[in-house]
Amino acid sequence: MSDNSDRTTVTAETAQRPVPRDRTHWLYLAVIVAVIAGILVGWQAPEFGQDVGQLGTMFVNLIKMMIAPVIFCTIVLGIGSVRSAANVGKVGGLALGYFLVMSTVALGIGIVVGNLLEPGSGMNIAKTAKQGAKLADQAHAAGGTWEFIQSIIPTTLLSSLTTGSVLQALFIALLVGFALQAMGKAGEPILRGVASVQKLVFRILSMILWLAPIGAFGAIANVVGKTGLDAVKQLALLMIAFYLTCLVFIFGVLGVLLWGVSRVSVFKLVRYLAREYLLILGTSSSESALPRLIAKMQHLGVERTTVGVVVPTGYSFNLDGTAIYLTMASLFIADAMGKPLSIGEQVGLLLFMIVASKGAAGVTGAGLATLAGGLQSHRPELLDGVGLIVGIDRFMSEARALTNFSGNAIATVLIGTWTKTIDVDRVHTVLDRKLPFDERTMVDDDHGSQPQQDDTKTLVPA
């Protein structure tokens, strides 16, 4: 009871504390303007639009540069300050089970919508059917299941923070966290040092985010310059169907589950994460919002341990948007080439793709590569049809990224509820806009700072 009262007091005091004026709303307005400008430039001056495409790549690379340090600090602080290792194992096991179930649900929804709409029927795609083999080679280069598992182990302890692999950073952070956990009080000075490094990392990240308008302009101008507006019009049915399917999945499936389990409104959660959605829309990469999702989920009231395990793992295993994409794209290609898939072939092919997509996680163009690799393995005569998808993949990748991001945010709240590692009162306080997120530091010093009283409580050194 005393712990709950302490939490309530901290929340109330923090809610009354004056929050520095937030100037970052200008940043996200600038992103909107940059996206519009990028579309116009790519349309009217396609060559110039393609030339500035590197701006988008450079911005995403800057964000990726910060992902490993963010994951490392978050997980080390979360696990290193919990005395019971069983709590971490419970969160991780529940998360993996949930990801498997939701991927299957997303797969089923994609199959149903694809079979109902049949967006590829009646199309002649012979002229564009020439790019599949190259993408299939890319998928095979990513390796199979054993190569994927082997790639989780880094070459050295420090290389996990420099190679850009999310799972390697997660693996080493888990080892360090459990080691500090075993050290007890002797490890507290190290935890305090990691907490200071985390503040530095988030401060650097907040500086990088001011370059988001430039990155969004370059990314959008590049794709419009390459494909033109005609590519969007030609395949509008597939794109609209895919976007609507993703919306139904987020608000109809995940939203109902979120309300039923946690009594949290998906609409309020989406509003809380609005700036992250805009960042993803501009960069077409959910990785650009990964560090902010970790910070915002902690601020929302989910314990560091849960956030540190669920979010990074979900970015490799909870790919709901990718599952829907692979399903609908496969059915579209088969119908467009006049060689539709039977139900048995659909299930076999797409289950293979879901497994293969885990191995291709983090590979540029992983969605297309996995699609091509799956078709080559199961229906090689459909491989050349991948060329049709290439033209609009960049636009569809935004919906994939937004859906994957939403699925991971909702998963964090759900698993926090199931494991009782979430402050319910704080969740409602934050979602009702009574406790704003500090955009300047992205670090919440108050939440979770109560002294540890038993194995289920978290301790963050002062």
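**Notes on helix α20, its surroundings and the salt bridges**

1. A good place to start is the N-terminal end of α20, which D423 caps: one of its side-chain oxygens sits 3.3 Å from the backbone nitrogen of D425. Please keep in mind that this is a predicted model. Helix α20 covers residues 424-431, and its buried residues are R426, V427, T429, V430 and L431. After α20 comes R433, with a positive phi near 65°.

2. R426 deserves a look of its own. This arginine is in helix α20, and its relative accessible area is 1%, so R426 counts as buried. Which residue lies 5.6 Å from R426, C-alpha to C-alpha, despite being 125 residues away in sequence? The partner is G301.

3. Next, the nonpolar interior. The largest nonpolar core contains 103 residues, and L269, Y272, L273, M297 and L300 have the most contacts inside it. Helix α4 (residues 53-80) gives the most to this core, with twelve residues. If you centre your viewer on L269, you will find L258, M297, L300, I410 and L431 in contact with it, leaving aside neighbours within four places in sequence. One of these, L431, is also among the buried residues of α20.

4. Now to the charged pairs, of which the structure holds three that qualify as salt bridges. K268 pairs with D432, with 2.9 Å between the closest N and O atoms. This pair links distant parts of the chain, 164 residues apart: K268 belongs to helix α12 (residues 266-272), while D432 is in the segment after α20. Is this pair buried or partly exposed? K268 is partly exposed, because its relative accessible area is 34%; D432 also has 34% and counts as partly exposed.

5. The other charged residues to inspect are E276, R292 and K296, which are linked in a network of salt bridges. R292 meets E276 with the closest N and O atoms 2.4 Å apart. R292 is in helix α14 (residues 290-300) and E276 is in helix α13 (residues 274-283), so this pair ties together parts 16 residues apart in sequence. K296 also forms a salt bridge with E276, at 3.2 Å from N to O. Since K296 is in α14 and E276 in α13, that pair ties together parts 20 residues apart in sequence. As for burial, both R292 and E276 are buried, and so are both K296 and E276.

6. Two buried hydroxyl side chains are worth checking too. T412 is in helix α19 (residues 386-418) and is buried, since its relative accessible area is 0%. Its side chain reaches the backbone oxygen of N408 at 2.8 Å. Not counting residues up to four places away in sequence, T412 touches M297, V302, T306, V307, V310 and V311; M297 is one of the residues with the most contacts inside the largest nonpolar core. S330, in helix α16 (residues 320-336), counts as buried because its relative accessibility is 0%. A polar atom of the S330 side chain lies 2.7 Å from the backbone oxygen of L326.

7. Finally, the surface. W26, L29, I32, I36, L40 and W43 make a nonpolar surface patch of about 660 Å². W43 is part of helix α2 (residues 25-44). With a relative accessible area of 48%, W43 is partly exposed, because the exposed class begins over 50%.

Note on methods:
Residues are numbered from 1 along each chain as its sequence is written. This is a predicted model: local features need pLDDT of at least 70, side-chain atom pairs count only at pLDDT 80 or more; totals for chains, interfaces and linings use all residues. Side-chain values use heavy atoms; hydrogens and water are left out. Patches are made of residues with over 30% relative accessible area and no salt bridge: like charges are joined within 9 Å, nonpolar side chains (Val, Leu, Ile, Met, Phe, Trp, Tyr) within 5 Å. Accessible areas come from the Shrake-Rupley method with a 1.4 Å probe; for residues, only the protein chains shown count as cover. A salt bridge is a side-chain nitrogen of Lys or Arg within 4 Å of a carboxyl oxygen of Asp or Glu. Helices (H or I, at least four residues) and strands (E, at least two) are DSSP runs, numbered from the N terminus. Buried means under 20% relative accessible area, exposed over 50%, partly exposed in between (1.4 Å probe, protein chains only). A polar contact is a pair of N or O atoms within 3.5 Å; within protein, one must be able to donate a hydrogen and the other to accept it, and residues adjacent in sequence count only if both atoms are side-chain atoms. Contact means heavy atoms within 4.5 Å. A nonpolar core is a set of buried Ala, Val, Leu, Ile, Met, Phe, Trp, Tyr and Cys residues joined through side-chain atoms within 4.5 Å.
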